[in-house]
Amino acid sequence: MNRQTFMNRFRNGLAGLAPKAADELAADYEAHFADGAAAGRSETEVADALGDPDRLARELRAETGLKRWEAERNPSAAFSAVIAVLGLGAIDILVLLPILLGIAGALFGFLITALACLAAGAVLLVAGPFWVIGAPTAAIVLAGLGLMFAASCVGLVTAIVSIGFVNALVWYGRLHLTLLKPALEPQGSAT
Amino acid sequence: MVEAVQVQLKKGVLELCVLALLSSADAYGYEIASRLAKGIGMGEGTVYPLMRRMQADGLVETYLVESSAGPPRKYYKLTAAGRASFTAQKAEWSQFSLAVNEILGGSQ
């Protein structure tokens, strides 16, 4: 493999990364080829010593996704972390996929339920006293509040379980960073 | 088995080796990569993500030096935190390797 092929495959593999980060990474490897040539090594030699460009790029991209999840806990970061782990393309992750989808579906169901109950509680609280004739106002208001409280609890538990679920997936994904593991993990936390 | 042990061993000392290299002199990526590849058989491609991580952790910083041929070269140098981390890790390593050697010596 020559320099051009290596760099093309590496750049393609980095697609989806922030352009600035991808440029900097690519510049490092370009400089490495230039210095290798200056030291009298052939492009093929240098490319062989660098390793598989697809695998390098894939693991770098995965790590970026996982890092983002650790820095900001929001749904979009969670999504990119999940994509990053799947992007590693390990065969056991594919086997795991149906189970993951099942869990994700169940969590989504709980979330929708919580939202629906919250809305129902709010409606009952505000409009209930005018609609329901005969029942004491206080009872209806309390029922509305209770429903909203229960919905919040369900929503909270769903959120906690979801975060734990993504964390587990991130941990699992890290096990598959075979090539870059020593480079990407701080020594303190390496086992 | 031997291979797995080697991977585990290298993993623990990779950062220490880079810190040691840079403690004697600033270096650019290719120098670090080829020294590590020759010395402990690291994949050269692994070095750049490692340098990036160490930079993010505040252990090293970079500066550019004009080179006679081609674009300016990116040199890495230790920060104060990097120097402190090197001293600490080096002491830990000496202690650990001494203990391991003692046990290995005793097993013969």
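**Exercise 1. Place an aromatic residue of chain A**

In which helix of chain A is Phe165(A) found? Then work out its exposure and its contacts.

*Solution.* This is a predicted model.

Step 1. Locate the residue. Phe165(A) belongs to helix H7 of chain A, which covers residues 137-174.

Step 2. Judge its exposure. A residue needs 20 or more C-beta neighbours within 10 Å to be buried, and 12 or fewer to be exposed. Phe165(A) has 16 C-beta neighbours inside 10 Å, so it counts as partly exposed.

Step 3. Find its contacts. Leave out residues up to four places away in sequence; Phe165(A) then touches Ile103(A) and Leu107(A).

Step 4. Check one of these partners. Leu107(A) lies 58 residues from Phe165(A) along the chain, yet their C-alpha atoms are separated by 9.8 Å.

**Exercise 2. Describe the packing of H5(A) on H7(A)**

Give the geometry of this helix pair, then list and classify the residues in contact.

*Solution.* Two numbers come first. Packed helices are described by the angle between their axes and the distance between those axes.

Step 1. Read the geometry. Helix H5 of chain A (residues 75-87) packs on H7(A) at an angle of about 30°, and the axes are 9 Å apart.

Step 2. Name the arrangement. Angles under 35 degrees count as roughly parallel. H5(A) is therefore roughly parallel to H7(A).

Step 3. Give the handedness. H5(A) passes H7(A) in a left-handed crossing.

Step 4. List the residues. H5(A) supplies Ala78(A), Ala81(A), Val82(A), Ala84(A) and Val85(A). H7(A) supplies Val166(A), Leu169(A), Val170(A), Tyr172(A) and Gly173(A).

Step 5. Sort them by class. The contact of H5(A) with H7(A) holds 9 nonpolar residues, 1 polar residue and no charged ones.

**Exercise 3. Repeat the analysis for H4(A) and H7(A)**

Which residues of H4(A) meet H7(A), and at roughly what angle do the two helices cross?

*Solution.*

Step 1. Read the geometry. Helix H4 of chain A spans residues 53-71. Its axis comes within 11 Å of the H7(A) axis, and the two cross at roughly 150°.

Step 2. Name the arrangement. Angles over 145 degrees count as roughly antiparallel. H4(A) is therefore roughly antiparallel to H7(A).

Step 3. Give the handedness. The crossing of H4(A) and H7(A) is left-handed.

Step 4. List the residues. From H4(A) come Ala62(A), Leu66(A) and Trp69(A). They meet Val166(A), Val170(A), Gly173(A) and Arg174(A) in H7(A).

Step 5. Sort them. The contact of H4(A) with H7(A) has 5 nonpolar, 1 polar and 1 charged residue.

Step 6. Look for reuse on H7(A). Val166(A), Val170(A) and Gly173(A) take part in the contact with H5(A), and they also meet H4(A).

**Exercise 4. Work out the sheet of chain B**

State the strand order, then trace the pairings residue by residue.

*Solution.*

Step 1. Order the strands. Chain B has an open sheet of 3 strands in the order S1-S3-S2, with antiparallel pairing.

Step 2. Find the edges. S1 (27-28) and S2 (60-65) of chain B each have a single partner strand, so each is left with one side lacking a neighbour in the sheet.

Step 3. Take S2(B) with S3(B). Strand S3 of chain B covers residues 73-78 and pairs with S2(B) over 6 bridges. Leu64(B) has Lys74(B) of S3(B) as its bridge partner. Glu61(B) stands opposite Lys77(B) in S3(B).

Step 4. Take S1(B) with S3(B). They run antiparallel, joined by 2 bridges. Tyr28(B) stands opposite Tyr75(B) in S3(B).

**Exercise 5. Assess helix H3(B)**

Is H3(B) largely enclosed or left open by the rest of the structure?

*Solution.*

Step 1. Count. H3(B) spans residues 47-56, and 7 of its 10 residues are buried, so the helix is largely enclosed by the rest of the structure.

Step 2. Name them. The buried residues are Val47(B), Tyr48(B), Pro49(B), Leu50(B), Met51(B), Arg52(B) and Met54(B).

Step 3. Look past the end. Gly58(B), just after H3(B), takes a positive phi of about 80°.

**Exercise 6. Profile the two chains**

Set out the element content, burial and contact range of each chain.

*Solution.*

Step 1. Chain A. It has 8 helices and 0 strands. Buried residues make up 25% of its 191 residues. Among contacts in chain A with a separation of 6 or more, 66% link residues 24 or more positions apart.

Step 2. Chain B. It has 4 helices and 3 strands, in the pattern α-β-α-α-β-β-α. Of its 108 residues, 25% count as buried. Among contacts in chain B between residues at least 6 apart, 44% join residues at least 24 apart.

Key: Residues are numbered from 1 along each chain as its sequence is written. Chains are lettered from A and ligands numbered from 1 in the order in which they are written. This is a predicted model: local features need pLDDT of at least 70, side-chain atom pairs count only at pLDDT 80 or more; totals for chains, interfaces and linings use all residues. Two strands pair if DSSP finds at least two bridges between them. Two residues are in contact if their C-beta atoms, placed from the backbone, lie within 7 Å. Axes are lines fitted to C-alpha atoms, for helices over the stretch in contact, and angles run from 0 to 180 degrees between N-to-C directions. Angles under 35 degrees count as roughly parallel, over 145 as roughly antiparallel, 65 to 115 as roughly perpendicular and the rest as oblique. A crossing is left-handed if the near helix is turned anticlockwise from the far one by less than a right angle, and right-handed if clockwise. Ala, Val, Leu, Ile, Met, Phe, Trp, Tyr, Cys and Pro count as nonpolar, Asp, Glu, Lys and Arg as charged, and the others, Gly among them, as polar.
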